[in-house]
Amino acid sequence: MVDVSGRRPARAVRLRPVGEGELELRYRVVHGYRRAFRMAGEGPALVLVHGIGDSSATWAELIPDLARTHTVIAPDLLGHGASDKPRADYSVAAYANGVRDLLTTLGIESATLVGHSLGGGVAMQFAYQFPERTERLILVSAGGVGREVNPVLRLVSLPGAHVMLSALRLPGMRTQVGLAVRLMKLMDTDLGQDAAELVDLVDALPDETSRNAFIRTLRAVVDWRGQVVTMLDRCYLTEGMPTMLMWGDRDSVVPVRHAYGAHEAMPGSRLEIFEGAGHFPFHSDPARFVSLVEEFTATTAPADWSREHWRDLLVEGRRLHEGRERTADRNLREASERSAT
């Protein structure tokens, strides 16, 4: 276990058994579409946002323990899990709006956002769009903090992805993929750490409607060159927002160097590295994950947002950006002068 902030590793907790009915799906219709979610516990609100192709089921082992101290809400994003999968807007901003609207129907005005992968991008976008409703950010192997991403996702963003995903459902393909996964694990590759979960995501796309929603979501954030959406240019706005990043040091989807870059760009953020874990550190060590979330929410005060503070951050950010542009222009001129002599 590595905690780059210098803190002692969080105390491990024993996960309790899941109670009957605790994890059953509930539904709300918002804007005419059915939204599925899981909800348990009492206390400050904690929203768990899953990644692309996944669902609220990815948090199932953690929800009962987190619900000891929080009201936990884990939605199935539109186009995922048991939620409707219309031909709709699957951008990160639209997902942030959807989370806000679901929370509003549940009577929840503010919450700590926990986002994994794409869900990390959604959580950051939520904090950017609705800072007054965001108490803290916990970003887990989050997308949206760099361009680099696994080549497989870049490939699936290309034309013909429907055919590729459909082919994985053909008889015999599941066995071949399973053999490849076991081989990658035996070779101890980084992709081998995540291969089983990534294959499960493919299994969660049983029909054309699911595959269409998956591809539309992916293409909103990834193209053949990598991640399209980045929040690094606005990370300075997290000043005063308690923020913790969690990453596996063997993440094959979003490399751990993104964690260090985001940590540097987010003033006052905390970084926790899970040694030996891949893209799903909360699956690799769920007890440590729960302990860290409980400690972080118990020892930090919710963000105290005000219009004046937000305005000041934006103005100061503009000055910093203009300063970087001037530095870049000066460096470019100096390089041109050197090359001309």
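1. Leu139 is found in strand β7 of this predicted model, and because its relative accessible area is 0%, Leu139 is buried. Leaving aside residues up to four places away in sequence, Leu139 touches Gly115, Gly120, Ala123, Met124, Thr243, Met244, Leu245, Met246 and Met266. One of these partners, Thr243, is 104 residues from Leu139 in sequence, yet the two C-alpha atoms are 7.7 Å apart in space.

2. Leu139 also belongs to the largest nonpolar core, which has 51 residues, and it is listed there with Val47, Ile73, Val99, Leu113 and Trp247 as having the most contacts inside that core. Apart from it lies another core, of 25 residues, with Leu62, Ile63, Ile138 and Val293 among them. In soluble globular proteins, nonpolar side chains tend to be buried together.

3. Leu113 deserves a separate word. Once its neighbours within four places in sequence are set aside, Leu113 is in contact with Val47, Val49, Val99, Ala123, Phe126, Thr134, Arg136, Leu137 and Ile138. Two of those partners, Val47 and Val99, are named with Leu113 among the residues with the most contacts inside the largest core, whereas Ile138 is named in the core of 25 residues.

4. Ala123, a contact of both Leu113 and Leu139, is found in helix α3 and counts as buried because its relative accessible area is 0%. Beyond four places in sequence, Ala123 is in contact with Leu113, Gly115, Leu137 and Leu139. The C-alpha atoms of Ala123 and Leu137 are 7.1 Å apart, with their positions 14 residues apart in sequence.

5. Helix α3 itself covers residues 118-129, and its end C-alpha atoms are 16 Å apart, which agrees with the 16 Å that 12 residues should span at 1.5 Å a residue. The helix is mostly covered, with 10 of its 12 residues buried; these are Leu118, Gly119, Gly120, Gly121, Val122, Ala123, Met124, Gln125, Phe126 and Ala127.

6. Helix α11, residues 286-299, can be checked in a similar way: its 14 residues reach 20 Å from the first C-alpha to the last, close to the 20 Å expected at 1.5 Å a residue. This helix too is mostly covered, since 11 of its 14 residues are buried, and the buried set includes charged and polar residues by name, such as Arg288, Ser291, Glu294 and Thr297, along with Phe289, Val290, Leu292, Val293 and Phe296. Val293 is also named in the core of 25 residues.

7. Two serines call for a look at their backbone geometry. Most residues other than glycine have a negative phi, and most peptide bonds are trans. Ser117, however, has a positive phi near 60 degrees; it is placed in the loop between β6 (111-116) and α3, and at 10% relative accessibility it counts as buried. Ser141 likewise has a positive phi, of about 45 degrees, and lies in the loop between β7 (134-140) and α4 (151-156), where it is buried with a relative accessible area of 0%.

8. Which residue has its backbone nitrogen 2.9 Å from a polar side-chain atom of Ser83? The residue is Ala36, and although Ser83 and Ala36 are 47 residues apart in sequence, their C-alpha atoms are 4.9 Å apart in space. Ser83 is found in the loop between β5 (71-75) and α2 (92-105) and counts as buried at 3% relative accessibility. Not counting residues up to four places away in sequence, Ser83 touches Arg34, Arg35, Ala36, Asp76, Leu77 and Leu78.

9. Taken as a whole, the protein has 12 helices and 11 strands, and buried residues make up 49% of its 341 residues. Among contacts between residues at least 6 apart in sequence, 76% join residues at least 24 apart. The protein exposes about 16,300 Å², of which carbon and sulfur atoms supply 53%.

10. A caution on confidence closes this note. The average pLDDT is 79, and 68% of the residues score at least 70. Over residues 323-341 pLDDT stays under 50, and for this stretch the model has zero contacts beyond four places in sequence. Where pLDDT is low, the predicted coordinates should not be read in detail.

Terms used:
Residues numbered from 1 in each chain as written. Predicted model: local features only at pLDDT ≥ 70, side-chain atom pairs only at ≥ 80, totals over all residues. Heavy atoms only, no water. Core = buried A, V, L, I, M, F, W, Y, C linked by side-chain atoms within 4.5 Å. Buried < 20%, exposed > 50% of the residue type's maximum accessible area, 1.4 Å probe, protein only. Contact = heavy atoms within 4.5 Å. Helix = DSSP H or I, 4+ residues; strand = E, 2+ residues; numbered from the N terminus. Polar contact = N/O pair within 3.5 Å; in protein donor to acceptor, adjacent residues only side chain to side chain. Expected span 1.5 Å × (residues − 1). Areas by Shrake-Rupley, 256 points an atom, 1.4 Å probe, with all protein chains shown as cover. pLDDT = per-residue confidence, 0-100.
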